[in-house]
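Open the model in your viewer and keep the selection panel at hand. The stops below are meant to be followed in order.

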Amino acid sequence: MGMKNYSTLIIGGGAAGLFLAANAATEYGKVLLLERGERLGKKLSSTGNGQGNITNARVGEAAYFSVRGDKTQEKQVQGYLARYGRKELLAFLERLGGLFLPDERGRYYPAGRQASAITDLLRYEIASRGVEVQTGAYVQSLQKVGGRYEVKAKMAEGVRTYFAENVVVCTGGKAAKNFGTDGNGYILASAFSHTTTALYPALVQLKTDVRHTKTLKGIRVMDARLTATVDGKPVQSLTGDVIFTDYGVSGDAVFRISSFVADKLDSGKVSLLIDLLPTVEKEQLLTILTEKQKNYPQLPKAELLCGILNNQVGRAVMKRYGEEGLSAVVDGVKGFALPVLGSLGFDYAQITKGGIPLAELDERLQSRNAEGLYFAGEILDVDGECGGFNLQWAYTSAMVCLEAIEEKYRSKI
Ligand SMILES: Cc1cc2nc3c(=O)[nH]c(=O)nc-3n(C[C@H](O)[C@H](O)[C@H](O)COP(=O)(O)OP(=O)(O)OC[C@H]3O[C@@H](n4cnc5c(N)ncnc54)[C@H](O)[C@@H]3O)c2cc1C
């Protein structure tokens, strides 16, 4: 089939690829975006429970994670965010005609609360820039031939070959593969000797020892204080909803905390402590329970927490700790302990922790092994907390690549 020449070829029409294409100048040569799915931004359009949590007021304060965990990398990411951070992302999206507002937790959404609107704004901009887009194009091989990149994509009508001076790999990680992200980008990168760190599902439901929570399936504890411990040491605490399930726990607090322990689950030393009454002090609770027992000597022990916790949750606490006395009950309410056995895995996870280490790239996110080959988004060993940080990273890293590519052309003119 036909061959075509491009200045820049973007592999993957997800968040990073779309941000890049919607900012790309076409005056230096043709730009092409290849997406394997039938439509662009399928995942982007489902983010934030369909509402599209694009960034966060805490961008710039909160740390991003890396499995490799070196300080240089952390600094590098903060440096990128200083150039292409929340303000730049929002200003860009507002230039496209969108309006983005924060909620009470600092999470920014399109004012219409539709994630698909973000994809639409980007699509219109991409079209108006004259960037070419090909969907249903699954890139299967990437190699350098005579100083330029040869990209082979499988399409419905057969394999098509493209040539480009620069390639940006925006194929995402291996979480939520129903969105087209099955980890094949790592294989494309391996043709240029790139490696990945260990990869872990993150922002994911956790499997726990369900012995003490079997009766609680479907119950949501609102605004619980959740603490994750590793080897008995607390690593993170946060407040949010916890939902008991047949395999363990779900809910936004669980999702968020999973990021802090995702790479430590294999060792089996992670536990969750759920404070079921975070706004009440232990002493106060002990007083209430002591009085209650005194005033109602007839009250069945199992019902002691009636009116204090959800009835079923209260019974589960009493069943587990009731025999050990009131202060054990209080401790159980303030720290219901659940040993973590694992997570639901990549298919259920929202992001991949780990990826191509930044150390294999230069400071412009260009491969150290191949000039003109760039990487942006989740494929890299950078992941953020839940709350808009990952889409922010997709934008930030895409802009770093684009700036580098366009600078090369500008310096030639
Ligand atoms: C359900 C869900 C909700 C989320 N909610 C939020 C949120 O509210 N806020 C937030 O910040 N983050 C959220 N995330 C995470 C965020 O969506 C991702 O981190 C982000 O989309 C990563 O951007 P990316 O461009 O690197 O990869 P992706 O957006 O995953 O895009 C990669 C694209 O590449 C395509 N592709 C892969 N391989 C090839 C190939 N060989 N050839 C051609 N195309 C290919 C895929 O089909 C896909 O479209 C959510 C994730 C999920 C799954």
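## First stop: a short strand

In this predicted model, begin by selecting Asn56, which lies in strand S3, residues 55-56. Asn56 is buried, with a relative accessible area of 3%, and its side chain is worth displaying together with the backbone around it. A polar atom of the Asn56 side chain lies 2.8 Å from the backbone nitrogen of Arg58, and a polar atom of that side chain also lies 2.9 Å from the backbone oxygen of Gly387. If you then add the residues in contact with Asn56, leaving aside neighbours within four places in sequence, you should find Arg86, Arg105, Gly106, Arg107, Tyr108, Gly387 and Phe389.

## Second stop: a loop before H10

Next, move to Asp383, which sits in the loop between strand S18 (373-375) and helix H10. Is Asp383 buried or exposed? Its relative accessible area is 1%, and because buried means under 20%, Asp383 counts as buried. Show the side chain of Lys353 as well, since the side chain of Asp383 makes a polar contact with it at 3.0 Å. Not counting residues up to four places away in sequence, Asp383 touches a set that includes Tyr64, Phe65 and Ser66, together with Ser259, Ile351, Thr352, Gly354 and Asn390.

## Third stop: the ligand

Now select the ligand and expand the selection to the residues around it, of which there are 33, with Ala16, Glu35, Lys43, Asn184 and Glu378 coming nearest. Three backbone positions deserve a distance label. A backbone N or O atom of Ala15 lies 3.1 Å from an oxygen atom of the ligand, while a backbone N or O atom of Val139 lies 3.0 Å from a nitrogen atom of the ligand. At Phe179, a polar backbone atom is 3.5 Å from an oxygen atom of the ligand. The ligand on its own has 990 Å² of accessible area, and the protein covers 95% of that area.

Colouring by secondary structure is useful here, as the elements that give two or more residues to the shell around the ligand are helix H1 (15-21), strand S2 (31-35), strand S7 (138-145) and helix H10 (389-412). H10 gives the most to this shell, with 4 residues. Recoloured by residue class, the shell shows 14 nonpolar, 15 polar and 4 charged residues.

## Fourth stop: the cysteines

Select the cysteines and look at their sulfur atoms. How many disulfides does the structure hold? The structure holds 0 disulfides. For Cys170, the closest cysteine sulfur is that of Cys401, and the two are not bonded because their separation of 6.7 Å is too far for a bond. Cys170 counts as buried at 7% relative accessibility, whereas Cys306, at 38%, counts as partly exposed.

## Last stop: the whole chain

Finally, zoom out until the whole protein chain is in view, where 10 helices and 18 strands can be traced. Taken along the principal axes, the C-alpha atoms fill a box of roughly 85 × 40 × 40 Å. Of the 413 residues of the chain, 55% count as buried, and the accessible surface comes to about 18,100 Å², of which 49% belongs to carbon and sulfur atoms. If you draw the contacts in the chain with a separation of 6 or more, residues 24 or more positions apart account for 71% of them.

Methods. Residues numbered from 1 in each chain as written. Predicted model: local features only at pLDDT ≥ 70, side-chain atom pairs only at ≥ 80, totals over all residues. Heavy atoms only, no water. Near = heavy atom within 4 Å. Polar contact = N/O pair within 3.5 Å; in protein donor to acceptor, adjacent residues only side chain to side chain. Areas by Shrake-Rupley, 256 points an atom, 1.4 Å probe, with all protein chains shown as cover. Nonpolar A, V, L, I, M, F, W, Y, C, P; charged D, E, K, R; others polar. Disulfide = S-S within 2.5 Å. Buried < 20%, exposed > 50% of the residue type's maximum accessible area, 1.4 Å probe, protein only. Contact = heavy atoms within 4.5 Å.
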